[in-house]
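Reader: I have a sequence and a 3D structure to work through. Could we go over them one question at a time?

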Amino acid sequence: MRESSGDRITRIGISFLLLLISISCLAPVINILSVSFSGKQAVETGKVLLWPVDATLQSYSALFEGTRVLASLWNGVVMTVGGVIISMVFTICAAYPLSKGYFYGRRTFTLLLLFTMVFTGGLIPTYLVVKSLGLIDSYWAIWLPGAVSTYNMLIMRSYFESMEPEIEEAARIDGCKEWTLLFRIILPLSMPVMATLILFYGVGYWNSFMNVLIYINSTEKYTITVLIQQMIASQSLLTEALVNDSQAMLLVPEGIRSAGIIVLILPMVLIYPFLQKYFVKGVMLGSVKG
Amino acid sequence: MKMSKRNVMLAGASVALIGMLAACSHSDHAENSGPSGDSGSGKKPTISATIYDRGLIAASEGTMENNRWTKWINENGPTNVKFTAVPRTESKQKLNTLFASGSAPDLIFEFDPNIKNPLYEQKQLMPLDDMINQYSTTYKKVLDENPILKQVATKSDGKMYEFGKINEAIPQNIAVIRQDWLDKLKLTAPKTTEELYQVAKAFAEQDPDGNGQKDTYGLNVGPGLLDIFGGGGSYNIENGQLVRTWDGYKFYIDFLKRLYDEGVIDKDYITDNNGAKARQDFLNGKTGIYFVQASSYSLWNRLWVTDYATLKTNAPGADLEMMPYPKSPNGQFINWINNPVQLTAVVNRNAKDPKAVMEYIDFLSKPETGRTLTNGLEGVHWQEGQSGCPNTIDQEKNKTELGYVGQDYDMIFSVTSGGKCSFIASSFNPDKPDEKLAKDKFKESMNIFYSMIDQGAKWPGLTHSEHMPTVPQDLLVDSQNGSTEIGNLVTKAIVGGASYTPDKAISEIQALWTKYNGAKIDAFYQEWYTANKDTALMPEDIFQIVKEQKATQDEILK
């Protein structure tokens, strides 16, 4: 089919618009990347835009030697991987039965879960519960209260529901039991939704800040998100300047902060392309009922 | 089908299991998260205390709760201290949760009065008078020598609730001017804000850097500029009554509006919220008058040593001089001053062993402790210089081993206890030319400062913001929203063109103030002022402290 000239102009227009949007999204990231590789003086005199000036690894060596970035990076990985595993197990265990029409009490359970989307316990009551369970200062305090995100669970449930019932019937005729059915048939067929939710949960855990701050007391266990946030926010202490705090004057130079940001976003940037092909499919599926 | 139904029930039970699993998995963890075992070092009592975490400690040093200095404290101090880290920028959230859940440490170090005052209101704090009277020696002596410390730590019920310290009373913000530009354009340093306007305009328009382009700015809209006009919304005192005044804003808007319209200042100054762009312009030799914060050794050193050197590279022949604050139509105001009497520590009402807490505070008040927790160990991190004050042995080593310490482990140590070595100017080594210049400039700055006080310059505000009371809870939201909106309105008026006159802006500000319960807020401050005007730290007291410290400064700067 040949493109009419009108279509062509529209297509070029749209591409141009999208190009502009992607540039405006990419430019700040590239700027931060360039700043992180530039010399201190070049950064302070505002000479760095989209390409490093006086290229150096100083910021990175200062970051790795002068802060706990490696330890906290590892903590971030542990918390994210552990959290994703726990969340996925619980989400599957909740979504699967709820996707079966013949599951007793399906409506009640769904409503109970939906209830948590509207009403939450609030910071202090939740903290007290977590504390009384003895979870303070361990990652369990972050993993367990937020193990199942109802929204994610519903995505998974509708994916399961959208599967042809014939697949299940065929498996059962071949003598497949419930757990085998789940692990050998349903889950392998659900890779798109699995990848999507792994990404959702992964990003959620990686970025979680307030929870770590509140529940974790030993700085030893702080994750990279908390560390970098501290470095960036310390800037505001100086500008507010309402309170005398001589140590706040020891500013973290912009180059080191930028290096921190790069280290923080790198893992997610690396993982995205691998999961992306599933990602689009996963969110789409379940949206069309037929 | 029956079969599978039962199996689905089984699987469904796992939904319910989520809760049970949660309950089980914690049990094996409970031991780890409990209080860490006291590594029995004799009969020393154990207390808990907070320590700020700023994310600045190197992994090789350990953590803020456990490193060479916490070990030093526990080995040399009278107590075992178990530290709880409080993230510096989120201390309000963290302390609130710790208090709400009953797990707050015994001793809390916190600068911000707006975090501590509510704790007092909620009766979470322990009064300190008995502790001090019964157990204290060193801190008690500090209080006797500095009665003002006791005075400001006393709350509305007549009891003391906070430990604190005396700081070096020096200007928080200063202004510097490009003397080479003044000379080139045959101008003199401005004495009034009208002259400041003229000079700034000349700097922007008469090409002082001689590159043939109109690419210079008269001044940066930086820290302290508003103070020259008397600060924003404030109170005048008339016969013991506080009268709200917006004159500071009025003259400020009038002044800045002209500079903005005539392109004398950076038109994008509003988006430069941390001053990074202003500093860039200054370093690139594009700014004639630079308003900057300079209230600590590192900031003073940055301005006069590193930044000055960068400026000279980018603009050969650059010559910086101190610029005393000019007189505004609202009167002559003094630079904002570092809070000289700073309250920094409170004790949890539930502290088990007040005696041990007091002994620890006494330990922190000793000159040797203060010196070690700032400069490190003698022979390892410093040795005595000519002046008798610690000189750094190895800069790089100290950066790693001391850089994260600051004064965070000893937030109650007074400069008056540390003697002259605790003062900023002692840290400059006069044998190095650039540091000698920094020291000379410091002397110049102090002399300007003393003469301004002698000539009766006024404080830009009612008193230091850290000594203002916290607005009660029911007015807090209004008060915060009100000041945000008023701030926005001031900006709008400055950039709003000729039709937006200062008088119009002020009448709109007054309307906003009324809308946000300003009358009630005024009444609250009035009530506080009437009750506390003799005991609170007022500008006269601050000036008095400046004068008391003058002898020490003179000795260092002679």
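Reader: Leaving aside its neighbours within four places in sequence, which residues is B:A200 in contact with?
Author: This is a predicted model, and every answer here rests on it. Neighbours within four places in sequence are left aside for B:A200. The residues in contact with B:A200 are then B:G218, B:L219, B:L259, B:V264, B:G288 and B:I289.

Reader: Which residues have the most contacts inside the largest nonpolar core?
Author: The largest nonpolar core has 135 residues. B:A200 belongs to the group with the most contacts inside this core. The full group is B:L107, B:A175, B:A200 and B:V357.

Reader: Which helix gives the largest share of this core?
Author: The core draws at least three residues from each of domain 1 and domain 2 of chain B. Its largest share is eight residues. They come from helix 12 of chain B, residues 247-261.

Reader: How many residues are in the other core, the one with A:I92?
Author: This core lies apart from the one just described. Among its residues are A:I92, A:Y96, A:V193 and A:Y205. The number of residues in it is 56.

Reader: How far apart are the centres of the two domains of chain B?
Author: Chain B is divided into domain 1, with residues 46-167 and 339-427, and domain 2, with residues 173-333 and 432-552. Taken over C-alpha atoms, the separation of their centres is 31 Å.

Reader: Which element gives the most to the side of domain 1 of chain B that touches domain 2 of chain B?
Author: The contact takes 17 residues from domain 1 of chain B and 15 residues from domain 2 of chain B. On the domain 1 side, the elements that give two or more residues are helix 5 (113-121), helix 8 (147-153) and strand 11 (341-347) of chain B. By class, that side has nine nonpolar, seven polar and one charged residues. With four residues, the element that gives the most is helix 5 of chain B.

Reader: What is the bridge partner of B:I237 in strand 8 of chain B?
Author: Strand 7 (residues 234-238) and strand 8 (residues 241-245) of chain B run antiparallel and are joined by five bridges. Two residues lie between the strands in this hairpin, where B:N239 takes a positive phi near 50 degrees. In strand 8 of chain B, the partner of B:I237 is B:L242.

Reader: Which helix of chain A gives the most to the side of domain 1 of chain A that touches domain 2 of chain A?
Author: Chain A is divided into domain 1 (5-56) and domain 2 (63-167 and 193-284). The contact takes seven residues from each of these domains. On the domain 1 side, helix 1 (5-36) and helix 2 (40-44) of chain A give two or more residues. The one that gives the most, with four residues, is helix 1 of chain A.

Reader: How far apart are the end C-alpha atoms of residues 256-275 of chain A?
Author: An unreviewed UniProt entry lists residues 256-275 of chain A among those for "transmembrane region". Over this stretch the chain is 100% helix and 0% strand. The end C-alpha atoms are separated by 30 Å.

Reader: Why does A:I256 count as buried?
Author: A:I256 has its place in helix 14 (residues 254-284) of chain A. Its C-alpha atom and that of A:A62 are separated by 7.0 Å, although the two residues are 194 residues apart along the chain. A residue is buried if 20 or more other C-beta atoms lie within 10 Å of its own. A:I256 counts as buried because its C-beta neighbours inside 10 Å number 24.

Terms used
Residues numbered from 1 in each chain as written. Chains lettered and ligands numbered in written order. Predicted model: local features only at pLDDT ≥ 70, side-chain atom pairs only at ≥ 80, totals over all residues. Core = buried A, V, L, I, M, F, W, Y, C linked by C-beta atoms within 7 Å. Buried ≥ 20, exposed ≤ 12 C-beta atoms within 10 Å, placed from the backbone. Domains from an automatic or database assignment. Contact = placed C-beta atoms within 7 Å. UniProt positions renumbered as here; feature names shortened; annotations may be inferred. Pairing = 2+ DSSP bridges. Nonpolar A, V, L, I, M, F, W, Y, C, P; charged D, E, K, R; others polar.
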